[in-house]
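Q: Could you walk me through this structure, starting with how the chains meet?

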Amino acid sequence: MLAVKVSTVLGSKTAALNVKLAQALSSGSKGSVINNQELKFDADSATYFLDSFPENFDVGKYTFVFEILLDESAQEKLYITEAQTKIPIAATGAISIENAEIAVLDGDVGSVESQKKLDLTKDGAVSLSANHLQKLRLSYQLNTPLGHVFKPHQAFLKLKHESQVEHIFLVKTSGKKSELVLDFLGLVEKLYYLSGKYEIQLTIGDASMENSLLSNIGHIELDLPERPEKAAQPPVQPTDPYSRYGPKAEISHIFRVPEKLPAKQLSLVFLGLIVLPFIAFLIGLTRLGVNIKSFPSSVGAATSALLFHGGIGAVLNIKALSLLGVFLSFVGHSTLSHLASASNKLKSA
Amino acid sequence: MMNLSRSVALISLFLLPLLSFSFSVDNPTDRRVLVLLDDLSLKSSHSIFFTTLKSRGFDLDFKLADDSKLALQRYGQYLYDGLIVFAPSTERFGGSLDSKSIADFVDSGRDLILSADTSASDLIRGIALECGVDFDEDSSAMVIDHSSFSVSDGDHTLIAADDLVKSDAILGKTKIEAPVLFRGVAHSLNPTNNLVLKVLSASPSAYSANPSSKLSSPPQLTGSAISLVSVMQARNNARVVISGSLQLFSDRLFRSGVQKAGSPNKYEKSGNEQFATELSKWVFHERGHLKAGSLVHHRVGETDEPAIYRIKDDLEFSVEILEWSGKSWEPYVADDVQVQFYMMSPYVLKTLSTDKKGMFHTSFKVPDVYGVFQFKVEYGKLGYTTLSLSKQIPVRPYRHNEYERFIPTAYPYYGACFTTMAGFFVFSFVYLYHK
């Protein structure tokens with residue numbers, strides 16, 4: 001139902017008027033569908049309405065031309081701003097989609113290799129495969145409620161590769177049906193020679209179509225030849241913004257493991273083994289019956305003897321080596337010469 | 001002479017207050033905003049948006065885009081902290097403004113809101129291109145979506161979009177329930193630019209074309225690659241919002257109800273006002289702005305920062321991060337701030353734990369590699385300013401007296417040495433005095 005409200009420039013109610021729909025010009029065809037239809041006035045809602053449209057009023061874009069005339073009964077001085085008011089109207093309706101099918105055709109001959117019927121009202125799971133010598137054909141029929149062929153504004157077939165590279169093709173409508181034939185031989189370069197799984201998505205839409213659709217038909221495995229060196233690289237795809245930021249994996253330093261040393265017990269065992277000969281030496285000495293009998297008894301000689309041995313012990317401690325060395329040589333000489341003279345006395349005596 | 005010096009003093013006196021009324025490190029929210037319009041009627045048709053900005057304390061300066069006295073800076077100082085360009089059809093700015101001066105404005109750390117509409121002049125496109133945003137080359141194209149339009153619209157160019165970016169910093173904590181109404185041009189983002197991101201994207205069935213003529217070739221921009229509103233945060237933390245629709249900010253769309261085609265939900269009020277208000281809070285640094293104090297590190301058990309560490313030292317590290325709430329600095333709470341101990345590549349990377357009062361801390365062992373290291377905190381989160389802090393510290397190996405004094409494995413060798421000494425000592429007695 002078409003309802004029209006007429007008001008004064010400032011928005012208040014008007015006097016009695018005669019509103020007529022002079023023409024309904026369709027954007028596609030020439031000529032008007034409706035001619036000089038007068039609209040009835042409904043006092044309750046203060047609108048002028050037209051409650052039925054002619055049989056041949058189809059979906060599509062129209063320009064309604066309204067003519068407003070003053071009713072004969074109007075007395076005051078009233079002026080109408082425009083003789084004819086043109087308003088663009090979109091008449092919408094549900095478009096029927098029939099005979100939708102997708103097929104892979106073989107090379108030049110055009111024989112059908114595999115063909116599948118489609119239900120475009122829901123997503124499908126069609127699985128096709130093709131190589132670069134074959135063609136892909138998609139066809140369907142769009143009809144308005146009155147049965148005429150409908151050409152939608154938007155009819156795209158989108159092929160999306162696994163690497164997110166997308167390609168869009170228009171499905172053209174000619175005659176009775178809409179069809180798209182993709183000849184892969186000519187498209188190899190446009191597809192950047194990317195072989196693999198492509199998702200197929202069909203989008204049909206128009207301003208006058210109440211049931212515009214987007215259908216994920218399925219996927220197709222394309223086998224394309226190898227990329228030659230000079231061919232264009234596929235375009236860079238944007239990174240997902242959510243993964244751009246985010247904590248990185250933690251790193252903890254692996255410290256250099258010190259060389260494996262033998263167990264402490266082993267070292268103590270060997271320490272014992274080392275000390276063993278010393279103990280054996282001491283035992284051996286006592287067995288041999290050593291003594292320290294000829295330790296000098298006179299004080300002077302005894303002192304120097306003690307100092308001599310003390311010096312040796314100190315040397316063994318590796319402290320103040322050089323001074324000790326000097327000291328030791330004097331003291332040592334004195335002791336040893338005393339000993340030598342003692343033994344000489346023994347020998348001579 | 002006296003007059004000249006007096007007038008110089010007077011001029012500098014006038015300039016002084018101007019200098020104090022700008023954003024600063026301590027108060028990062030912008031204050032003075034220049035609004036460029038190509039038609040002064042925008043002041044009334046977008047009055048709700050401007051009134052909410054004024055009520056939050058912004059000082060708006062409305063000027064026509066071709067006003068010959070336009071200037072962003074005077075005597076080397078910037079006069080404004082933010083710029084709103086609602087002039088989609090202006091070919092040339094007046095005064096000293098051009099796309100280069102606006103690019104310099106953003107380079108200085110200042111913020112920008114740029115909007116195109118159903119028409120976008122080359123000047124606006126050029127400014128957007130500087131920020132990594134490509135508007136559709138076809139000047140008669142608009143965004144059309146036959147599945148996601150508002151039911152009140154006849155030719156499906158008034159889009160009801162609800163594909164918003166998931167970020168509390170950019171869009172606020174409250175979810176925007178109603179779809180956002182949009183009528184304008186499409187743009188796409190440069191894929192190699194990782195500073196831009198889509199805030200409001202189009203649905204997969206959208207495309208950019210002239211609604212009144214048939215398509216002869218596939219459109220350049222389709223589907224979710226179309227961005228309706230994008231933002232860019234530059235490396236110096238300047239923020240830019242680029243919108244393809246000026247009507248998105250208008251009072252008419254703020255107030256209108258919305259029902260998306262195909263959805264039974266009817267909303268009394270569109271999400272436009274909430275969307276525009278939250279976005280303006282983000283772009284003018286009322287939200288999502290972080291500040292970090294200096295990095296503090298010391299050995300476990302000490303409080304002073306040493307001049308040099310030794311390998312295998314245990315150290316503690318902490319940093320203070322604050323978030324600007326619009327009026328004051330609040331402690332920042334997050335669980336993904338990390339620190340790296342870095343020399344050419346990170347040797348240690350640890351997540352910092354927080355005490356919820358703004359201090360983030362952790363402790364670890366210095367690696368056994370010596371050299372000059374850096375403590376690095378590189379923090380980036382969607383919608384927040386990026387933090388990039390570093391502090392250098394050398395690490396030395398063990399001194400000669402920091403090794404173990406006696407090694408148990410060497411006990412046999414010690415034993416050998418000492419028994420030799422003892423044996424010699426005893427022998428010296430025995431040999432001399434044996435009879």
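**The interface of chain B and chain A**

A: Across the interface of chain B and chain A, the rule finds zero salt bridges (a side-chain nitrogen of Lys or Arg within 4 Å of a carboxyl oxygen of Asp or Glu). This is a predicted model, in which local features need pLDDT of at least 70, side-chain atom pairs count only at pLDDT 80 or more, and totals for chains, interfaces and linings use all residues. Residues are numbered from 1 along each chain as its sequence is written, chains are lettered from A in the order in which they are written, and side-chain values use heavy atoms, with hydrogens and water left out.

Q: How many residue pairs are in polar contact between chain B and chain A?
A: There are 18 such pairs, both residues being at pLDDT 80 or more. A polar contact is a pair of N or O atoms within 3.5 Å; within protein, one must be able to donate a hydrogen and the other to accept it, and residues adjacent in sequence count only if both atoms are side-chain atoms.

Q: Which element gives the largest share of the side of chain B that touches chain A?
A: Helix 9 of chain B does, with 17 residues. Helices (H or I, at least four residues) and strands (E, at least two) are DSSP runs, numbered from the N terminus.

Q: How much area do chain B and chain A bury between them?
A: They bury about 5,500 Å², 67% of it on carbon and sulfur atoms. Buried area is the accessible area (1.4 Å probe) that two parts lose on being put together, summed over both. In chain B, the residues that lose the most area to chain A are B:His146, B:Leu349 and B:Tyr433, together 12% of what that side buries.

Q: Changing topic, where does B:Met344 lie?
A: B:Met344 lies in the loop between strand 24 and strand 25 of chain B. B:Met344 has a positive phi of about 70°, although it is not a glycine.

Q: Is B:Met344 buried or exposed?
A: B:Met344 counts as exposed because its relative accessible area is 77%. Buried means under 20% relative accessible area, exposed over 50%, and partly exposed in between (1.4 Å probe, protein chains only).

Q: And B:Thr362, buried or exposed?
A: B:Thr362 is at 12% relative accessibility, so it counts as buried. This residue lies in strand 27 (residues 359-365) of chain B.

Q: What about B:Lys356: where does it lie?
A: B:Lys356 is in the loop between strand 26 (353-354) and strand 27 of chain B. B:Lys356 is exposed, with a relative accessible area of 55%.
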